[in-house]
Amino acid sequence: MSTHLLERKDVDERLTWDLSGIFKTEEEYEEAIKKAQELTMELEEEFKGKIDTSKTINNCLDKLKVLAQLLTLVGSYAHLAVSVDQTNTENLQKQMKFSNIASDIESRISFIESEIIELDEKIINQAIEESEENANYLRKILRKKKQALHPEVEKALSALSAVLEAPEHIYNMAKLADMDFGTFTVDGKEYPLSFSLFETKWEYEEDTRIRRAAFEAFSKKLREYQHTIAAVYQTQVQKEKTIATLRRFDSVIDSLLFHQEVDRELYDRQIDLIMKHLAPHMRKFAKLLQKIHRIEEMTFADLKLEVDPEFEPSITIEEAKKYIEEGLSVFGEDYREMVRRAFNERWIDFAENKGKSTGAFCASPYGSHPYILINWADKMREVFVLSHELGHAGHFYLAHQHQNIFDSRPSMYFVEAPSTMNELLMANYLMKNNKDKRMRRWILSTLISRTYYHNFVTHLLEAAYQREVYRIIDKGGSVTAPILNKLKREVLEKFWGDAVKINEGAELTWMRQPHYYMGLYPYTYSAGLTIATQVNKRYLKEGQKALEDWKEVLKAGGTKTPVELAKMAGVDITTEKPLLDTIEYIGNIIDEIIKLTEELEK
(Lines give C-alpha, C1' and ligand atoms only; values in the text may rest on other atoms or scores of the structure.)
Protein backbone atom coordinates (compact mmCIF):
# COMPACT_ATOMS: atom_id res chain seq x y z
CA MET A 1 0.00 0.00 0.00
CA SER A 2 1.41 3.36 -0.95
CA THR A 3 1.57 5.76 1.97
CA HIS A 4 1.41 8.79 -0.31
CA LEU A 5 -2.20 9.88 -0.74
CA LEU A 6 -3.32 11.06 -4.16
CA GLU A 7 -5.46 14.09 -4.83
CA ARG A 8 -9.00 13.07 -5.74
CA LYS A 9 -8.62 14.31 -9.33
CA ASP A 10 -5.67 11.92 -9.91
CA VAL A 11 -7.51 8.78 -8.80
CA ASP A 12 -8.36 6.06 -11.35
CA GLU A 13 -12.06 6.54 -12.16
CA ARG A 14 -12.73 2.79 -11.99
CA LEU A 15 -11.92 2.90 -8.27
CA THR A 16 -14.52 5.62 -7.61
CA TRP A 17 -18.27 5.46 -7.33
CA ASP A 18 -20.57 6.80 -10.02
CA LEU A 19 -23.05 9.28 -8.57
CA SER A 20 -24.89 9.52 -11.88
CA GLY A 21 -26.94 6.63 -10.47
CA ILE A 22 -28.70 9.35 -8.45
CA PHE A 23 -28.59 12.29 -10.89
CA LYS A 24 -27.12 12.09 -14.38
CA THR A 25 -26.13 15.76 -14.43
CA GLU A 26 -25.75 18.75 -12.13
CA GLU A 27 -28.79 20.24 -13.90
CA GLU A 28 -30.87 17.27 -12.83
CA TYR A 29 -29.70 17.80 -9.25
CA GLU A 30 -30.66 21.50 -9.36
CA GLU A 31 -33.97 20.57 -10.99
CA ALA A 32 -34.76 18.15 -8.15
CA ILE A 33 -34.09 20.87 -5.57
CA LYS A 34 -36.45 23.19 -7.41
CA LYS A 35 -39.09 20.45 -7.60
CA ALA A 36 -38.74 19.86 -3.82
CA GLN A 37 -39.24 23.56 -3.13
CA GLU A 38 -42.34 23.63 -5.37
CA LEU A 39 -43.79 20.56 -3.67
CA THR A 40 -43.24 22.22 -0.30
CA MET A 41 -45.23 25.26 -1.42
CA GLU A 42 -48.00 23.03 -2.75
CA LEU A 43 -48.17 21.13 0.55
CA GLU A 44 -48.42 24.41 2.47
CA GLU A 45 -51.11 25.84 0.20
CA GLU A 46 -53.17 22.70 0.06
CA PHE A 47 -52.97 21.45 3.63
CA LYS A 48 -51.73 24.02 6.14
CA GLY A 49 -54.43 24.56 8.76
CA LYS A 50 -56.70 22.12 6.88
CA ILE A 51 -55.66 18.67 8.14
CA ASP A 52 -58.83 17.69 9.93
CA THR A 53 -60.16 14.45 8.40
CA SER A 54 -58.71 10.99 7.73
CA LYS A 55 -58.95 11.76 4.01
CA THR A 56 -56.87 14.97 4.19
CA ILE A 57 -54.33 13.19 6.41
CA ASN A 58 -53.74 10.50 3.80
CA ASN A 59 -53.78 12.84 0.80
CA CYS A 60 -51.21 15.02 2.53
CA LEU A 61 -48.95 12.06 3.46
CA ASP A 62 -49.07 10.68 -0.08
CA LYS A 63 -47.66 13.95 -1.33
CA LEU A 64 -45.15 14.10 1.54
CA LYS A 65 -43.74 10.72 0.47
CA VAL A 66 -42.82 12.16 -2.93
CA LEU A 67 -41.08 15.11 -1.26
CA ALA A 68 -39.27 12.84 1.20
CA GLN A 69 -37.86 10.78 -1.65
CA LEU A 70 -36.62 13.87 -3.50
CA LEU A 71 -34.93 15.21 -0.37
CA THR A 72 -33.22 11.86 0.29
CA LEU A 73 -31.82 11.74 -3.23
CA VAL A 74 -30.63 15.34 -3.23
CA GLY A 75 -29.20 15.10 0.30
CA SER A 76 -27.33 11.87 -0.51
CA TYR A 77 -25.94 13.29 -3.75
CA ALA A 78 -24.53 16.33 -1.96
CA HIS A 79 -23.24 14.38 1.05
CA LEU A 80 -21.57 11.60 -0.95
CA ALA A 81 -19.68 14.08 -3.11
CA VAL A 82 -18.22 15.69 0.03
CA SER A 83 -17.44 12.41 1.80
CA VAL A 84 -14.84 11.39 -0.80
CA ASP A 85 -13.07 14.76 -0.70
CA GLN A 86 -13.52 17.15 2.25
CA THR A 87 -11.07 19.55 0.58
CA ASN A 88 -13.30 20.23 -2.43
CA THR A 89 -14.75 23.65 -1.60
CA GLU A 90 -17.20 23.63 -4.49
CA ASN A 91 -18.87 20.45 -3.21
CA LEU A 92 -18.74 21.71 0.36
CA GLN A 93 -20.56 24.87 -0.69
CA LYS A 94 -23.12 22.80 -2.59
CA GLN A 95 -23.75 20.71 0.51
CA MET A 96 -24.06 23.78 2.77
CA LYS A 97 -26.46 25.38 0.33
CA PHE A 98 -28.64 22.28 0.25
CA SER A 99 -28.46 21.96 4.02
CA ASN A 100 -29.96 25.47 4.37
CA ILE A 101 -32.68 24.70 1.82
CA ALA A 102 -33.50 21.44 3.61
CA SER A 103 -33.80 23.25 6.98
CA ASP A 104 -36.19 25.73 5.41
CA ILE A 105 -38.27 22.90 3.88
CA GLU A 106 -38.35 20.91 7.14
CA SER A 107 -39.46 23.97 9.02
CA ARG A 108 -42.21 24.71 6.51
CA ILE A 109 -43.62 21.19 6.47
CA SER A 110 -43.33 20.64 10.24
CA PHE A 111 -47.00 21.70 10.44
CA ILE A 112 -47.99 18.30 9.01
CA GLU A 113 -46.91 16.27 12.00
CA SER A 114 -48.03 18.97 14.44
CA GLU A 115 -51.53 19.16 12.97
CA ILE A 116 -51.93 15.38 12.88
CA ILE A 117 -50.69 15.00 16.47
CA GLU A 118 -53.25 17.52 17.71
CA LEU A 119 -56.17 15.63 16.16
CA ASP A 120 -58.46 13.30 18.06
CA GLU A 121 -57.03 9.76 18.15
CA LYS A 122 -60.24 8.48 16.53
CA ILE A 123 -59.51 10.44 13.34
CA ILE A 124 -55.89 9.24 13.23
CA ASN A 125 -56.99 5.63 13.74
CA GLN A 126 -59.50 6.00 10.93
CA ALA A 127 -56.73 7.28 8.64
CA ILE A 128 -54.66 4.23 9.63
CA GLU A 129 -57.50 1.93 8.61
CA GLU A 130 -57.94 3.70 5.28
CA SER A 131 -54.30 3.58 4.15
CA GLU A 132 -51.96 0.66 4.63
CA GLU A 133 -49.20 2.75 3.04
CA ASN A 134 -49.37 5.43 5.72
CA ALA A 135 -50.41 3.27 8.67
CA ASN A 136 -46.97 2.79 10.18
CA TYR A 137 -46.04 6.43 9.84
CA LEU A 138 -49.26 7.36 11.64
CA ARG A 139 -48.73 4.78 14.40
CA LYS A 140 -45.35 6.34 15.06
CA ILE A 141 -46.96 9.79 15.26
CA LEU A 142 -49.47 8.46 17.80
CA ARG A 143 -46.56 7.12 19.82
CA LYS A 144 -45.04 10.63 19.88
CA LYS A 145 -48.25 12.33 21.01
CA LYS A 146 -47.02 12.77 24.61
CA GLN A 147 -43.70 14.30 23.50
CA ALA A 148 -45.09 16.75 20.96
CA LEU A 149 -44.42 20.45 21.48
CA HIS A 150 -46.45 23.46 20.37
CA PRO A 151 -46.48 23.63 16.53
CA GLU A 152 -44.53 26.90 16.55
CA VAL A 153 -41.81 25.31 18.72
CA GLU A 154 -41.64 22.28 16.41
CA LYS A 155 -41.33 24.67 13.48
CA ALA A 156 -38.48 26.56 15.16
CA LEU A 157 -36.63 23.31 15.93
CA SER A 158 -36.96 22.23 12.30
CA ALA A 159 -35.75 25.61 11.08
CA LEU A 160 -32.70 25.23 13.32
CA SER A 161 -31.90 21.70 12.14
CA ALA A 162 -28.73 22.68 10.24
CA VAL A 163 -27.46 24.55 13.29
CA LEU A 164 -28.38 21.64 15.58
CA GLU A 165 -26.34 19.32 13.39
CA ALA A 166 -23.31 21.64 13.54
CA PRO A 167 -21.35 19.74 16.24
CA GLU A 168 -20.91 16.70 14.01
CA HIS A 169 -19.94 18.91 11.07
CA ILE A 170 -17.38 20.85 13.13
CA TYR A 171 -15.96 17.60 14.54
CA ASN A 172 -15.46 16.16 11.04
CA MET A 173 -13.87 19.37 9.82
CA ALA A 174 -11.37 19.42 12.67
CA LYS A 175 -10.62 15.72 12.22
CA LEU A 176 -10.43 15.44 8.44
CA ALA A 177 -9.51 18.89 7.21
CA ASP A 178 -7.55 20.65 9.99
CA MET A 179 -5.58 18.03 11.88
CA ASP A 180 -2.25 17.66 10.14
CA PHE A 181 -0.37 14.71 11.62
CA GLY A 182 2.76 15.27 9.55
CA THR A 183 5.31 12.50 10.01
CA PHE A 184 6.96 10.57 12.83
CA THR A 185 10.50 9.27 13.03
CA VAL A 186 11.95 5.96 14.17
CA ASP A 187 15.72 5.30 13.97
CA GLY A 188 16.21 8.31 11.72
CA LYS A 189 13.58 7.11 9.23
CA GLU A 190 10.53 9.24 8.58
CA TYR A 191 7.01 7.79 8.23
CA PRO A 192 3.89 9.64 7.03
CA LEU A 193 0.91 9.92 9.39
CA SER A 194 -2.77 10.81 9.00
CA PHE A 195 -6.05 9.73 10.59
CA SER A 196 -6.58 7.21 7.82
CA LEU A 197 -3.00 5.89 7.82
CA PHE A 198 -3.05 5.43 11.57
CA GLU A 199 -6.32 3.50 11.55
CA THR A 200 -5.67 1.38 8.47
CA LYS A 201 -1.91 0.82 8.69
CA TRP A 202 0.09 1.85 11.75
CA GLU A 203 -2.24 0.37 14.37
CA TYR A 204 -1.61 -3.04 12.81
CA GLU A 205 2.13 -2.52 12.30
CA GLU A 206 4.11 -5.53 13.46
CA ASP A 207 7.23 -3.61 14.48
CA THR A 208 6.53 -2.58 18.07
CA ARG A 209 8.75 0.50 17.97
CA ILE A 210 7.12 1.87 14.80
CA ARG A 211 3.61 1.01 16.03
CA ARG A 212 4.08 2.68 19.41
CA ALA A 213 5.84 5.70 17.91
CA ALA A 214 2.87 6.15 15.55
CA PHE A 215 0.48 5.86 18.50
CA GLU A 216 2.45 8.49 20.41
CA ALA A 217 2.62 10.93 17.48
CA PHE A 218 -1.07 10.36 16.75
CA SER A 219 -2.04 10.94 20.40
CA LYS A 220 0.11 14.05 20.60
CA LYS A 221 -1.79 15.65 17.71
CA LEU A 222 -5.16 14.63 19.16
CA ARG A 223 -4.19 16.14 22.51
CA GLU A 224 -3.62 19.55 20.86
CA TYR A 225 -7.29 19.58 19.87
CA GLN A 226 -8.78 17.98 23.01
CA HIS A 227 -10.35 21.14 24.45
CA THR A 228 -11.91 22.19 21.14
CA ILE A 229 -13.36 18.73 20.45
CA ALA A 230 -14.56 18.49 24.08
CA ALA A 231 -16.37 21.82 23.66
CA VAL A 232 -17.99 20.57 20.44
CA TYR A 233 -19.05 17.35 22.20
CA GLN A 234 -20.38 19.27 25.23
CA THR A 235 -22.50 21.31 22.79
CA GLN A 236 -23.82 18.07 21.28
CA VAL A 237 -24.86 16.48 24.60
CA GLN A 238 -26.22 19.74 25.96
CA LYS A 239 -28.40 20.05 22.85
CA GLU A 240 -29.65 16.47 23.36
CA LYS A 241 -30.40 17.19 27.02
CA THR A 242 -32.30 20.38 26.19
CA ILE A 243 -34.43 18.60 23.60
CA ALA A 244 -35.03 15.68 25.99
CA THR A 245 -36.22 18.11 28.68
CA LEU A 246 -38.42 20.04 26.23
CA ARG A 247 -40.02 16.76 25.18
CA ARG A 248 -40.64 15.78 28.81
CA PHE A 249 -38.27 12.81 28.98
CA ASP A 250 -36.75 11.94 32.35
CA SER A 251 -33.29 11.55 30.85
CA VAL A 252 -31.27 11.99 27.67
CA ILE A 253 -30.94 8.21 27.49
CA ASP A 254 -34.72 7.68 27.49
CA SER A 255 -35.11 10.40 24.88
CA LEU A 256 -32.53 8.82 22.55
CA LEU A 257 -33.87 5.28 23.08
CA PHE A 258 -37.42 6.40 22.26
CA HIS A 259 -36.69 6.45 18.52
CA GLN A 260 -34.97 3.07 18.70
CA GLU A 261 -38.19 1.50 20.01
CA VAL A 262 -36.39 -0.46 22.72
CA ASP A 263 -36.48 0.01 26.46
CA ARG A 264 -33.75 0.91 28.92
CA GLU A 265 -33.39 -2.70 30.02
CA LEU A 266 -32.13 -3.84 26.59
CA TYR A 267 -29.68 -0.95 26.48
CA ASP A 268 -28.24 -1.47 29.96
CA ARG A 269 -28.07 -5.24 29.55
CA GLN A 270 -25.91 -4.97 26.45
CA ILE A 271 -23.36 -2.79 28.27
CA ASP A 272 -23.39 -4.48 31.69
CA LEU A 273 -23.21 -8.11 30.56
CA ILE A 274 -20.44 -7.50 28.03
CA MET A 275 -18.35 -5.46 30.48
CA LYS A 276 -18.65 -8.29 32.98
CA HIS A 277 -18.67 -11.52 30.95
CA LEU A 278 -16.72 -10.73 27.79
CA ALA A 279 -13.79 -9.04 29.51
CA PRO A 280 -12.17 -12.31 30.76
CA HIS A 281 -12.24 -13.80 27.22
CA MET A 282 -10.72 -10.68 25.67
CA ARG A 283 -7.99 -10.51 28.32
CA LYS A 284 -7.10 -14.08 27.41
CA PHE A 285 -6.92 -12.99 23.75
CA ALA A 286 -4.68 -10.01 24.65
CA LYS A 287 -2.34 -12.40 26.50
CA LEU A 288 -2.17 -14.64 23.42
CA LEU A 289 -1.15 -11.64 21.27
CA GLN A 290 1.46 -10.70 23.85
CA LYS A 291 2.92 -14.22 23.73
CA ILE A 292 2.89 -14.49 19.93
CA HIS A 293 4.55 -11.10 19.45
CA ARG A 294 6.92 -11.57 22.42
CA ILE A 295 5.92 -8.24 23.95
CA GLU A 296 7.22 -7.57 27.44
CA GLU A 297 4.25 -5.48 28.47
CA MET A 298 0.97 -5.48 26.55
CA THR A 299 -0.33 -1.92 26.11
CA PHE A 300 -3.43 -0.35 24.58
CA ALA A 301 -1.33 0.54 21.52
CA ASP A 302 -0.75 -3.18 20.86
CA LEU A 303 -4.34 -4.40 20.88
CA LYS A 304 -4.85 -4.22 17.14
CA LEU A 305 -1.99 -6.63 16.45
CA GLU A 306 -2.81 -9.65 14.40
CA VAL A 307 -2.45 -13.26 15.48
CA ASP A 308 -0.57 -14.07 12.27
CA PRO A 309 0.52 -10.87 10.51
CA GLU A 310 2.92 -12.71 8.19
CA PHE A 311 0.02 -14.68 6.83
CA GLU A 312 -2.64 -12.19 5.86
CA PRO A 313 -3.26 -12.89 2.18
CA SER A 314 -3.04 -9.94 -0.19
CA ILE A 315 -6.02 -9.63 -2.47
CA THR A 316 -7.03 -7.51 -5.43
CA ILE A 317 -10.47 -5.99 -5.82
CA GLU A 318 -11.11 -8.41 -8.69
CA GLU A 319 -10.28 -11.45 -6.51
CA ALA A 320 -12.34 -10.08 -3.61
CA LYS A 321 -15.31 -9.80 -5.93
CA LYS A 322 -15.19 -13.57 -6.60
CA TYR A 323 -14.95 -14.46 -2.92
CA ILE A 324 -17.76 -12.14 -1.87
CA GLU A 325 -20.06 -13.22 -4.68
CA GLU A 326 -19.56 -16.88 -3.78
CA GLY A 327 -19.69 -16.38 -0.03
CA LEU A 328 -22.96 -14.44 -0.14
CA SER A 329 -24.54 -16.58 -2.87
CA VAL A 330 -26.22 -18.62 -0.07
CA PHE A 331 -28.85 -15.84 -0.15
CA GLY A 332 -29.90 -16.85 -3.65
CA GLU A 333 -29.68 -15.49 -7.16
CA ASP A 334 -31.32 -12.08 -6.62
CA TYR A 335 -28.87 -11.19 -3.84
CA ARG A 336 -25.97 -12.42 -5.92
CA GLU A 337 -27.12 -10.23 -8.79
CA MET A 338 -27.12 -7.20 -6.44
CA VAL A 339 -23.49 -7.96 -5.43
CA ARG A 340 -22.52 -8.19 -9.10
CA ARG A 341 -24.19 -4.89 -9.89
CA ALA A 342 -22.43 -3.20 -6.95
CA PHE A 343 -19.06 -4.01 -8.54
CA ASN A 344 -19.99 -3.59 -12.18
CA GLU A 345 -22.02 -0.39 -11.90
CA ARG A 346 -19.56 1.39 -9.58
CA TRP A 347 -21.66 1.54 -6.41
CA ILE A 348 -18.39 1.32 -4.46
CA ASP A 349 -15.70 3.95 -3.88
CA PHE A 350 -12.45 2.02 -3.27
CA ALA A 351 -9.85 4.74 -3.75
CA GLU A 352 -7.71 6.20 -1.00
CA ASN A 353 -7.22 9.90 -1.52
CA LYS A 354 -6.65 13.13 0.38
CA GLY A 355 -9.70 14.46 2.21
CA LYS A 356 -11.68 11.21 1.99
CA SER A 357 -13.65 10.02 5.03
CA THR A 358 -11.91 7.33 7.04
CA GLY A 359 -13.35 3.86 7.60
CA ALA A 360 -16.26 2.59 5.58
CA PHE A 361 -20.01 3.22 5.31
CA CYS A 362 -23.01 2.45 3.15
CA ALA A 363 -25.58 5.06 2.11
CA SER A 364 -28.91 3.86 0.75
CA PRO A 365 -30.93 6.69 -0.76
CA TYR A 366 -34.52 5.62 -1.39
CA GLY A 367 -35.24 5.64 -5.11
CA SER A 368 -31.65 4.89 -6.09
CA HIS A 369 -29.25 2.03 -5.38
CA PRO A 370 -26.93 1.94 -2.35
CA TYR A 371 -23.44 3.48 -2.31
CA ILE A 372 -20.47 2.10 -0.38
CA LEU A 373 -17.39 4.02 0.75
CA ILE A 374 -14.30 2.00 1.68
CA ASN A 375 -10.55 2.68 1.80
CA TRP A 376 -9.27 -0.43 0.02
CA ALA A 377 -5.88 -1.68 1.24
CA ASP A 378 -5.38 -4.86 -0.86
CA LYS A 379 -5.68 -7.07 2.22
CA MET A 380 -7.92 -10.07 2.77
CA ARG A 381 -9.48 -8.33 5.79
CA GLU A 382 -11.12 -5.87 3.39
CA VAL A 383 -13.26 -8.78 2.18
CA PHE A 384 -14.93 -8.74 5.61
CA VAL A 385 -15.31 -4.95 5.61
CA LEU A 386 -16.86 -4.98 2.16
CA SER A 387 -19.16 -7.92 3.01
CA HIS A 388 -20.27 -5.90 6.04
CA GLU A 389 -21.15 -2.84 3.96
CA LEU A 390 -22.85 -5.04 1.35
CA GLY A 391 -24.95 -6.35 4.24
CA HIS A 392 -26.31 -2.82 4.74
CA ALA A 393 -26.73 -2.47 0.98
CA GLY A 394 -28.58 -5.79 0.67
CA HIS A 395 -30.81 -4.88 3.59
CA PHE A 396 -32.00 -1.62 2.09
CA TYR A 397 -31.99 -2.93 -1.45
CA LEU A 398 -34.61 -5.47 -0.32
CA ALA A 399 -36.45 -3.18 2.09
CA HIS A 400 -36.81 -0.47 -0.57
CA GLN A 401 -38.35 -2.98 -2.97
CA HIS A 402 -40.96 -4.07 -0.42
CA GLN A 403 -41.65 -0.94 1.65
CA ASN A 404 -42.43 2.69 0.97
CA ILE A 405 -40.06 5.44 2.08
CA PHE A 406 -41.81 5.84 5.45
CA ASP A 407 -41.37 2.15 6.27
CA SER A 408 -37.98 1.23 4.86
CA ARG A 409 -35.63 1.94 7.80
CA PRO A 410 -35.72 -0.15 10.97
CA SER A 411 -34.68 1.09 14.39
CA MET A 412 -31.02 1.90 14.90
CA TYR A 413 -30.92 -1.00 17.37
CA PHE A 414 -31.29 -3.42 14.49
CA VAL A 415 -29.31 -1.70 11.75
CA GLU A 416 -26.00 -3.51 12.33
CA ALA A 417 -27.49 -7.02 12.33
CA PRO A 418 -27.65 -7.54 8.52
CA SER A 419 -24.13 -6.18 8.02
CA THR A 420 -22.48 -8.33 10.66
CA MET A 421 -24.49 -11.37 9.50
CA ASN A 422 -22.66 -11.07 6.17
CA GLU A 423 -19.28 -11.12 7.89
CA LEU A 424 -20.21 -14.40 9.59
CA LEU A 425 -21.40 -15.91 6.30
CA MET A 426 -18.11 -14.85 4.72
CA ALA A 427 -16.19 -16.62 7.49
CA ASN A 428 -18.34 -19.78 7.03
CA TYR A 429 -17.54 -19.77 3.32
CA LEU A 430 -13.79 -19.23 3.72
CA MET A 431 -13.52 -21.98 6.35
CA LYS A 432 -15.57 -24.46 4.37
CA ASN A 433 -13.36 -24.01 1.31
CA ASN A 434 -10.07 -24.11 3.16
CA LYS A 435 -8.88 -26.89 5.40
CA ASP A 436 -5.43 -25.41 6.10
CA LYS A 437 -4.92 -24.90 9.86
CA ARG A 438 -3.12 -21.61 9.43
CA MET A 439 -5.89 -20.25 7.20
CA ARG A 440 -8.52 -21.44 9.68
CA ARG A 441 -6.68 -19.66 12.49
CA TRP A 442 -6.43 -16.51 10.35
CA ILE A 443 -10.20 -16.55 9.65
CA LEU A 444 -11.12 -17.17 13.30
CA SER A 445 -8.73 -14.51 14.54
CA THR A 446 -10.06 -12.06 11.95
CA LEU A 447 -13.56 -12.74 13.30
CA ILE A 448 -12.31 -11.95 16.80
CA SER A 449 -9.99 -9.04 16.07
CA ARG A 450 -12.25 -7.42 13.46
CA THR A 451 -15.89 -8.47 13.60
CA TYR A 452 -16.27 -9.10 17.33
CA TYR A 453 -13.55 -6.77 18.60
CA HIS A 454 -14.92 -3.90 16.55
CA ASN A 455 -18.54 -4.43 17.57
CA PHE A 456 -18.32 -6.01 20.99
CA VAL A 457 -15.23 -4.24 22.32
CA THR A 458 -14.38 -0.96 20.53
CA HIS A 459 -17.97 0.22 20.13
CA LEU A 460 -19.16 -1.31 23.38
CA LEU A 461 -16.45 0.53 25.34
CA GLU A 462 -17.59 3.68 23.55
CA ALA A 463 -21.12 2.90 24.74
CA ALA A 464 -20.04 2.34 28.35
CA TYR A 465 -18.17 5.65 28.27
CA GLN A 466 -21.08 7.41 26.56
CA ARG A 467 -23.49 6.21 29.26
CA GLU A 468 -21.26 7.81 31.92
CA VAL A 469 -21.26 11.10 29.96
CA TYR A 470 -25.07 11.13 29.80
CA ARG A 471 -25.32 10.32 33.53
CA ILE A 472 -23.30 13.49 34.23
CA ILE A 473 -25.42 15.54 31.82
CA ASP A 474 -28.66 14.17 33.30
CA LYS A 475 -27.55 15.35 36.74
CA GLY A 476 -27.07 18.85 35.36
CA GLY A 477 -23.30 18.59 35.00
CA SER A 478 -21.12 19.29 31.99
CA VAL A 479 -18.08 17.66 30.42
CA THR A 480 -14.60 19.01 29.64
CA ALA A 481 -11.54 17.31 28.15
CA PRO A 482 -10.08 16.22 31.54
CA ILE A 483 -13.44 14.70 32.56
CA LEU A 484 -13.83 12.88 29.23
CA ASN A 485 -10.25 11.60 29.43
CA LYS A 486 -10.88 10.31 32.95
CA LEU A 487 -14.15 8.58 31.99
CA LYS A 488 -12.59 6.93 28.95
CA ARG A 489 -9.55 5.75 30.90
CA GLU A 490 -11.74 4.27 33.68
CA VAL A 491 -13.84 2.30 31.20
CA LEU A 492 -10.73 0.94 29.45
CA GLU A 493 -9.07 0.00 32.74
CA LYS A 494 -12.18 -1.72 34.03
CA PHE A 495 -12.50 -3.85 30.89
CA TRP A 496 -8.86 -4.80 30.37
CA GLY A 497 -7.89 -5.20 34.02
CA ASP A 498 -4.23 -5.99 34.54
CA ALA A 499 -3.93 -7.81 31.18
CA VAL A 500 -3.32 -4.55 29.29
CA LYS A 501 -1.57 -1.36 30.32
CA ILE A 502 -3.70 1.63 29.37
CA ASN A 503 -0.85 3.82 28.16
CA GLU A 504 -0.66 7.57 27.86
CA GLY A 505 -2.87 8.67 24.94
CA ALA A 506 -5.37 5.80 25.19
CA GLU A 507 -7.73 8.05 27.14
CA LEU A 508 -8.02 10.28 24.03
CA THR A 509 -9.79 7.51 22.11
CA TRP A 510 -13.08 9.37 22.67
CA MET A 511 -11.83 11.92 20.12
CA ARG A 512 -11.67 9.37 17.32
CA GLN A 513 -15.32 8.44 16.80
CA PRO A 514 -18.06 10.32 14.92
CA HIS A 515 -20.57 7.94 16.60
CA TYR A 516 -21.01 10.21 19.60
CA TYR A 517 -22.80 12.68 17.34
CA MET A 518 -25.36 10.07 16.29
CA GLY A 519 -27.22 9.43 19.54
CA LEU A 520 -26.97 6.05 21.26
CA TYR A 521 -25.38 4.38 18.27
CA PRO A 522 -22.28 2.62 19.70
CA TYR A 523 -24.09 -0.01 21.80
CA THR A 524 -26.28 -1.06 18.85
CA TYR A 525 -23.31 -2.71 17.13
CA SER A 526 -23.12 -5.42 19.76
CA ALA A 527 -26.91 -5.69 19.74
CA GLY A 528 -26.91 -6.27 15.98
CA LEU A 529 -24.07 -8.76 16.17
CA THR A 530 -25.81 -10.67 18.96
CA ILE A 531 -28.82 -11.16 16.67
CA ALA A 532 -26.59 -12.03 13.68
CA THR A 533 -24.57 -14.58 15.69
CA GLN A 534 -27.75 -16.37 16.75
CA VAL A 535 -29.18 -16.37 13.21
CA ASN A 536 -25.89 -17.70 11.82
CA LYS A 537 -25.86 -20.48 14.44
CA ARG A 538 -29.40 -21.34 13.41
CA TYR A 539 -28.35 -21.38 9.75
CA LEU A 540 -25.43 -23.75 10.45
CA LYS A 541 -27.85 -26.07 12.25
CA GLU A 542 -31.04 -25.79 10.18
CA GLY A 543 -29.75 -24.68 6.77
CA GLN A 544 -31.62 -22.63 4.18
CA LYS A 545 -34.84 -22.12 6.17
CA ALA A 546 -32.99 -19.81 8.58
CA LEU A 547 -31.76 -17.67 5.66
CA GLU A 548 -35.20 -17.53 4.06
CA ASP A 549 -36.58 -16.23 7.38
CA TRP A 550 -33.73 -13.73 7.51
CA LYS A 551 -34.51 -12.40 4.04
CA GLU A 552 -38.11 -11.83 5.17
CA VAL A 553 -36.72 -9.83 8.09
CA LEU A 554 -34.67 -7.69 5.68
CA LYS A 555 -37.71 -7.08 3.46
CA ALA A 556 -39.74 -5.98 6.49
CA GLY A 557 -37.61 -2.82 6.78
CA GLY A 558 -38.98 -0.61 9.54
CA THR A 559 -42.46 -2.11 9.77
CA LYS A 560 -41.67 -3.88 13.04
CA THR A 561 -39.79 -3.16 16.27
CA PRO A 562 -36.33 -4.69 16.87
CA VAL A 563 -37.84 -7.27 19.24
CA GLU A 564 -40.37 -8.31 16.56
CA LEU A 565 -37.74 -8.42 13.79
CA ALA A 566 -35.45 -10.62 15.88
CA LYS A 567 -38.39 -12.88 16.69
CA MET A 568 -39.12 -13.33 12.96
CA ALA A 569 -35.57 -14.69 12.68
CA GLY A 570 -36.07 -17.01 15.66
CA VAL A 571 -34.21 -14.94 18.29
CA ASP A 572 -35.74 -13.73 21.56
CA ILE A 573 -33.86 -10.57 22.61
CA THR A 574 -36.19 -9.87 25.55
CA THR A 575 -34.04 -12.31 27.56
CA GLU A 576 -30.31 -12.27 28.25
CA LYS A 577 -29.84 -15.74 26.73
CA PRO A 578 -28.85 -14.66 23.16
CA LEU A 579 -26.23 -12.24 24.52
CA LEU A 580 -24.71 -14.70 27.01
CA ASP A 581 -24.76 -17.37 24.33
CA THR A 582 -22.92 -15.04 21.91
CA ILE A 583 -20.30 -14.17 24.55
CA GLU A 584 -19.75 -17.90 25.13
CA TYR A 585 -19.40 -18.38 21.35
CA ILE A 586 -16.70 -15.68 21.27
CA GLY A 587 -14.94 -17.42 24.17
CA ASN A 588 -15.01 -20.73 22.27
CA ILE A 589 -13.46 -19.13 19.16
CA ILE A 590 -10.66 -17.65 21.30
CA ASP A 591 -10.02 -21.08 22.85
CA GLU A 592 -9.83 -22.63 19.39
CA ILE A 593 -7.36 -19.94 18.24
CA ILE A 594 -5.15 -20.71 21.26
CA LYS A 595 -5.35 -24.45 20.50
CA LEU A 596 -4.51 -23.94 16.80
CA THR A 597 -1.59 -21.68 17.78
CA GLU A 598 -0.17 -24.43 20.03
CA GLU A 599 -0.56 -27.01 17.24
CA LEU A 600 1.07 -24.74 14.64
CA GLU A 601 3.98 -23.94 16.95
CA LYS A 602 4.73 -27.66 17.34
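Visitor: What is a nonpolar core, and how many residues does the largest one have here?
Guide: A nonpolar core is a set of buried Ala, Val, Leu, Ile, Met, Phe, Trp, Tyr and Cys residues joined through side-chain atoms within 4.5 Å. This model is predicted. Phe-184, Met-282, Leu-386, Trp-496 and Trp-550 have the most contacts inside the largest core. That core has 148 residues.

Visitor: Which helix gives the most to this core?
Guide: The protein has 23 helices and five strands. One helix, spanning residues 437-474, puts 18 residues into the core. No other helix gives more; this is helix 18.

Visitor: Which residues is Trp-550 in contact with, leaving aside neighbours within four places in sequence?
Guide: Trp-550 is among the residues with the most contacts inside the largest core. Sequence neighbours within four places are set aside here. The partners are then Phe-331, Phe-414, Ala-417, Pro-418, Met-421, Ile-531, Val-535 and Ala-569.

Visitor: How many residues does the other core have?
Guide: This core lies apart from the largest one. Among its members are Leu-39, Ile-124, Ala-148 and Phe-406. Its count is 51 residues.

Visitor: What radius of gyration does the protein have, against that of a compact globule?
Guide: The chain has 602 residues, so a compact globule would have a radius near 25 Å. The protein's value agrees with that. It is 24 Å.

Visitor: What share of the residues counts as buried?
Guide: Buried means under 20% relative accessible area. The count runs over the 602 residues of the protein. The buried share is 60%.

Terms used: Residues are numbered from 1 along each chain as its sequence is written. This is a predicted model: local features need pLDDT of at least 70, side-chain atom pairs count only at pLDDT 80 or more; totals for chains, interfaces and linings use all residues. Side-chain values use heavy atoms; hydrogens and water are left out. Buried means under 20% relative accessible area, exposed over 50%, partly exposed in between (1.4 Å probe, protein chains only). Helices (H or I, at least four residues) and strands (E, at least two) are DSSP runs, numbered from the N terminus. Contact means heavy atoms within 4.5 Å. The radius of gyration is taken over C-alpha atoms; the globule rule is 2.2 Å times the number of residues to the power 0.38.
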